[in-house]
Every structure is written in C-alpha cells, then in structure tokens.
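Hi,

Here is the structure I promised to pass on. Have a look at it first, and then read on for my notes.

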Amino acid sequence: MADEFIETDQQMSVAEELCAFLGLPRPKPFTEEEEAAYQKWLDDGDRQVEEWRARRRQGAA
C-alpha cells in the first residue's frame with residue numbers, strides 16, 4: 001500500500017529509521033574527535049584490505 005510510506009520534508013538517515021523502527025532514541029551525532037577516530041578506523045581498514053589484495057596479486061603472479 002502506497003499510503004504506508006509517508007514522505008517528510010526532511011529525510012531520515014538509515015540509522016534514524018532503524019532507531020525509530022526499534023523505538024530507540026535518535027543517535028547523537030559524532031563529536032569532532034569521534035568523527036576523526038572513525039575516519040582513521042575506516043582508513044586503516046582500507047589500507048589493510050589493499051595490503052591483503054596486493055599480497056594476493058603477488059601470490060597469483
């Protein structure tokens with residue numbers, strides 16, 4: 001049914017939608033320090049994946 005989906009002026013993020021669905025409060029935004037730590041964690045993961053892929057390519061050669 002199309003009326004199950006109500007569009008709002010402001011779109012909710014996936015995390016906000018999940019919290020609303022589960023009846024949890026909205027997640028609070030990251031502080032600058034938390035955002036920097038999260039970005040560093042993502043970058044470290046990307047670096048590790050690239051190192052793993054490079055080793056796989058070398059092993060296949």
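Let me begin with the surface. Leu18, Phe21, Leu22 and Leu24 make up a nonpolar patch there, and together these four side chains account for about 470 Å² of accessible area. Leu24 sits in the loop that runs between helix 1 (14–22) and helix 2 (32–60). With a relative accessible area of 47%, Leu24 is partly exposed. Before you go further, please keep in mind that this is a predicted model.

Now the overall picture. The secondary structure amounts to 2 helices and 0 strands. How much of the protein counts as buried? Of its 61 residues, 2% do. The protein exposes about 6,300 Å², and 57% of that is supplied by carbon and sulfur atoms.

Next, the rings. As you know, a pair of aromatic rings is described by how far apart the centres are and by the angle of the planes. There are 2 aromatic pairs in the structure. One of them is Phe30 with Tyr38, a tilted pair with 5.6 Å centre to centre and 50° between the planes. It counts as tilted because 50° is neither under 30 degrees, as stacked would need, nor over 60, as edge-to-face would need. Phe30 is partly exposed, at a relative accessible area of 47%, and Tyr38 is partly exposed too, at 34%.

Tyr38 also pairs with Trp41, and here the rings are stacked: 5.9 Å centre to centre, with 25° between the planes. Why are Tyr38 and Trp41 separated by about one helical turn? Because they are 3 residues apart in helix 2. Trp41 itself is exposed, with a relative accessible area of 59%. Taken together, the ring pairs link Phe30, Tyr38 and Trp41 into a cluster.

On to the charges. How many salt bridges does a search of the whole structure find? It finds 4, and here are some of them.

- Arg26 with Glu16: the closest N and O atoms are 3.9 Å apart. This pair links distant parts of the chain, since Arg26 is in the loop between helix 1 and helix 2 while Glu16 is in helix 1, 10 residues apart. Arg26 counts as exposed, at 56% relative accessibility. The contact qualifies as a salt bridge because its 3.9 Å falls within the 4 Å cut-off.
- Lys40 with Asp44: these side chains meet in a salt bridge at 3.0 Å, N to O. Both residues lie in helix 2, 4 residues apart, which is about one turn of the helix. Is Lys40 buried or exposed? At 52% relative accessibility, Lys40 counts as exposed, whereas Asp44, at 25%, counts as partly exposed.
- Glu51 with Arg47: the closest N and O atoms of this salt bridge are 3.0 Å apart. Glu51 and Arg47 are both in helix 2 as well, with their positions 4 residues apart, about one turn of the helix. Glu51 is partly exposed, with a relative accessible area of 36%, and Arg47 is partly exposed, with 41%.

If you open the model in your viewer, helix 2 is a good place to begin: the stacked pair of Tyr38 and Trp41 is there, and so are the salt bridges of Lys40 with Asp44 and of Glu51 with Arg47. After that, go to the loop between helix 1 and helix 2, where you will find Leu24 from the nonpolar patch and Arg26 from the salt bridge with Glu16.

That's it from me.

Cheers

Notes: Residues are numbered from 1 along each chain as its sequence is written. This is a predicted model: local features need pLDDT of at least 70, side-chain atom pairs count only at pLDDT 80 or more; totals for chains, interfaces and linings use all residues. Side-chain values use heavy atoms; hydrogens and water are left out. Patches are made of residues with over 30% relative accessible area and no salt bridge: like charges are joined within 9 Å, nonpolar side chains (Val, Leu, Ile, Met, Phe, Trp, Tyr) within 5 Å. Accessible areas come from the Shrake-Rupley method with a 1.4 Å probe; for residues, only the protein chains shown count as cover. Buried means under 20% relative accessible area, exposed over 50%, partly exposed in between (1.4 Å probe, protein chains only). Rings of Phe, Tyr and Trp (its six-membered ring) pair if their centres lie within 6.5 Å; planes under 30 degrees apart count as stacked, over 60 as edge-to-face and the rest as tilted.
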